[in-house]
Amino acid sequence: MSLAARTPRAPVVLPLAALAVGVAVWWLLSIALALPAYVLPPPTAVADRLVANPDLYVASALTTLRRIVLGGAVGVLVGAALAVAVVEVRWLRRALVPYLVAARVLPKIAVAPVLLIYVGTGEGTGIAFVALVAFFPMVVSTVAGLEGVPEAHMDLLRSLDAGRLATLVHLRVPHAVPDAFAGLKQSTALAVVGSVIAEWLVSTEGLGALILFALEDVQVDVMLAALAVLFAEGLALYGLVVAAERRVGWSQTGGAPGPGQDRSDAAAADRRSSQTGAR
Amino acid sequence: MIAVEDLTVAYEDVVAVEGIDLSVDAGRFVTVIGPSGCGKTTLLRAVGGLETPTRGRVRVDGDPPERAQQRANVGFVFQRHTLLPWKTALENVTFLRRLAGKPPDPDGARDLLERAGLAGFADARPAALSGGMRQRVAIARALHLGADVLLMDEPFGELDELTRETMGLEVRRVWRGERKTVLFVTHSVPEAVLLGDRCVVVRGSPGRIVDSIDVDLPRPRDRDVLESDPFQERVAAVRAALSGGAT
Ligand SMILES: Nc1ncnc2c1ncn2[C@@H]1O[C@H](COP(=O)(O)OP(=O)(O)O)[C@@H](O)[C@H]1O
Ligand SMILES: [Mg+2]
């Protein structure tokens, strides 16, 4: 068992300590090396930027967030729906799955300029691009989960002559939950990337655009401030997904065991009952 | 009751069982014994409608297997890995019955878990249960389904011998109370003799029935039977049939 799992506060305390050390080192370096602020501003300068103009960062963060959420939702929902369709309709599976898997090697960023032509330079392009990058991990993982049901479980439903719909609802979908969440986590991370790329290409608003503007003026402190906000935003979204997984997910090893019972208790109970029986 | 006539099941490249004639009267407990690969699982799956006969026919309480499935009249207990990991023990027991559209009976399900020694584990997920406990949940699930016919495929194959005997005798006790028709597959000779009213010996490739040995031992059975002469005689007879000698 890892240190983080054993001590309940460790997952928060240790990373926070590491962050504090990192910021301290950064601060000391910026003083010791006496570099100009356009190369390495001290952390205080970055904090000043955030405090001096919070509206700019909040507004930019919300613009970026909106694109991530809208585009991500479209990509993830279409991905999940297509996964079900592909698993249930055999010819669709044969036709599409090779491309869905092969699309891994296609850098999605190369598709962005093409979207510019077909969707235009408006906000729709940004959302479409985020949807595109969020779509692939979701569909591929969910297909794997829906198809990975053990034969023994399928036999159980076959022994009742259960139909396709019952099998989908009672077996495939719940079995796919952990894989779908794995896909959703990847999609979330990629949606953040996708939103920034979209801003670089088509938008003048959002954290990504802010970083680009700051680059033109060589305002490293603004770039770092925007990066910090973007990082926090990405973490918060990822954290939401993890929290949702904790609520509705299950895992092969854990799940939600009964009060005070683990495998070793269970094995001991087994031995006890066989001894009773042996009398 | 189970009626199997001249059953042959062939897979793509191998004939698993051939010319099987087997009849299990309602309320009887029949064990099927044979070496690994002789087609025991195939026979059981064909009875339950999970494999289609290449030749011959199967009837379960007079119905073809598909009809028996639709009536939820066959309860399977497989060797392992059949509890749904996202459901608790209690939910695992109840969901098949619910899926079959039978009236819910939550008290009955809790009662079964209690009798299986799992009263405190109703809300535990399978990952938190030992192998033996999981098999008890699987048996409770099959009983809760309310099927008249139980098909069990080496349900205790993964357990140590002592646990295995205890659970086998537990199943027999439940069977005596509920009068199910049971077909129980095993590759353990003592288990086959201890549990069965009759012990069907399958051998060869493709598998055929080479002998059928009545086991008329005193009831109810317990561990003392294991030491008795009549038990040892039946064991010797089954061993002889398995190795091809006279019976
Ligand atoms: N699904 C299958 N496809 C092809 N061959 C199979 C399949 N299941 C079993 N067999 C073959 O059929 C024979 C009988 O297998 P099985 O019924 O599992 O025997 P047992 O349960 O007695 O060990 C074996 O040779 C096995 O390899
Ligand atoms: Mg087998």
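A cavity is a set of grid points where a 1.4 Å probe fits but cannot get out, and its lining residues have an atom within 4 Å of a point. The model used in these exercises is predicted.

**Exercise 1. The cavity**

Find the largest cavity, list its lining and sort the lining by class.

*Solution.*
- Step 1. Count. There is 1 cavity of 30 Å³ or more.
- Step 2. Size. The largest cavity has a volume of about 40 Å³.
- Step 3. Lining. Ala112(A), Leu115(A), Leu116(A), Thr125(A), Phe129(A), Ala198(A), Leu201(A) and Val202(A) surround the largest cavity.
- Step 4. Elements. Helix H6 (112-119), helix H7 (123-147) and H9 of chain A each give at least two residues to this lining.
- Step 5. Class. The lining splits into 7 nonpolar, 1 polar and no charged residues.

**Exercise 2. The pocket**

Describe the largest pocket by volume, central residues and source helices.

*Solution.*
- Step 1. Volume. The largest pocket comes to about 450 Å³.
- Step 2. Centre. It has 15 lining residues, and those closest to the centre are Leu19(A), Val23(A), Ala228(A), Phe231(A) and Leu235(A).
- Step 3. Helices. Two or more lining residues come from each of helix H2 (10-32), helix H3 (43-52) and helix H11 (220-248) of chain A.
- Step 4. Main source. H2(A) gives the largest share, 7 residues.
- Step 5. Class. The lining has 15 nonpolar residues, no polar and no charged.

**Exercise 3. The ligand site**

Work out which residues of chain B surround ligand 1, and locate its polar contacts.

*Solution.*
- Step 1. Shell. Around ligand 1 are Tyr11(B), Val14(B), Ala16(B), Pro35(B), Ser36(B), Gly37(B), Cys38(B), Gly39(B), Lys40(B), Thr41(B) and Thr42(B).
- Step 2. Source. Helix H1 (residues 40-47) of chain B provides the largest share of the shell, 3 residues.
- Step 3. Class. The shell holds 5 nonpolar, 5 polar and 1 charged residues.
- Step 4. Oxygen contacts. A ligand oxygen sits 2.6 Å from a side-chain N or O atom of Thr41(B). A ligand oxygen is also 2.7 Å from a polar backbone atom of Gly37(B).
- Step 5. Nitrogen contact. A nitrogen of ligand 1 lies 3.5 Å from a side-chain N or O atom of Tyr11(B).
- Step 6. Cover. On its own, ligand 1 has 560 Å² of accessible area, and the protein covers 60% of this.

**Exercise 4. A salt bridge**

Which helices does the salt bridge between Glu88(A) and Arg172(A) link?

*Solution.*
- Step 1. Total. The whole structure has 23 salt bridges over all chains.
- Step 2. Distance. In the pair Glu88(A) and Arg172(A), N to O is 3.8 Å. The cut-off is 4 Å, so the pair counts.
- Step 3. Placement. Glu88(A) belongs to helix H4 (residues 54-88) and Arg172(A) to helix H9 (residues 164-202), both of chain A. They are 84 residues apart, and the pair links distant parts of the chain.

Key. Residues numbered from 1 in each chain as written. Chains lettered and ligands numbered in written order. Predicted model: local features only at pLDDT ≥ 70, side-chain atom pairs only at ≥ 80, totals over all residues. Heavy atoms only, no water. Near = heavy atom within 4 Å. Polar contact = N/O pair within 3.5 Å; in protein donor to acceptor, adjacent residues only side chain to side chain. Areas by Shrake-Rupley, 256 points an atom, 1.4 Å probe, with all protein chains shown as cover. Helix = DSSP H or I, 4+ residues; strand = E, 2+ residues; numbered from the N terminus. Nonpolar A, V, L, I, M, F, W, Y, C, P; charged D, E, K, R; others polar. 1 Å grid on protein atoms, 1.4 Å probe; cavity = no way out; pocket = protein on both sides within 12 Å on 5 of 7 lines; lining within 4 Å. Points joined across faces, edges and corners; volume = space filled by probe spheres on them. Salt bridge = Lys/Arg side-chain N within 4 Å of Asp/Glu carboxyl O.
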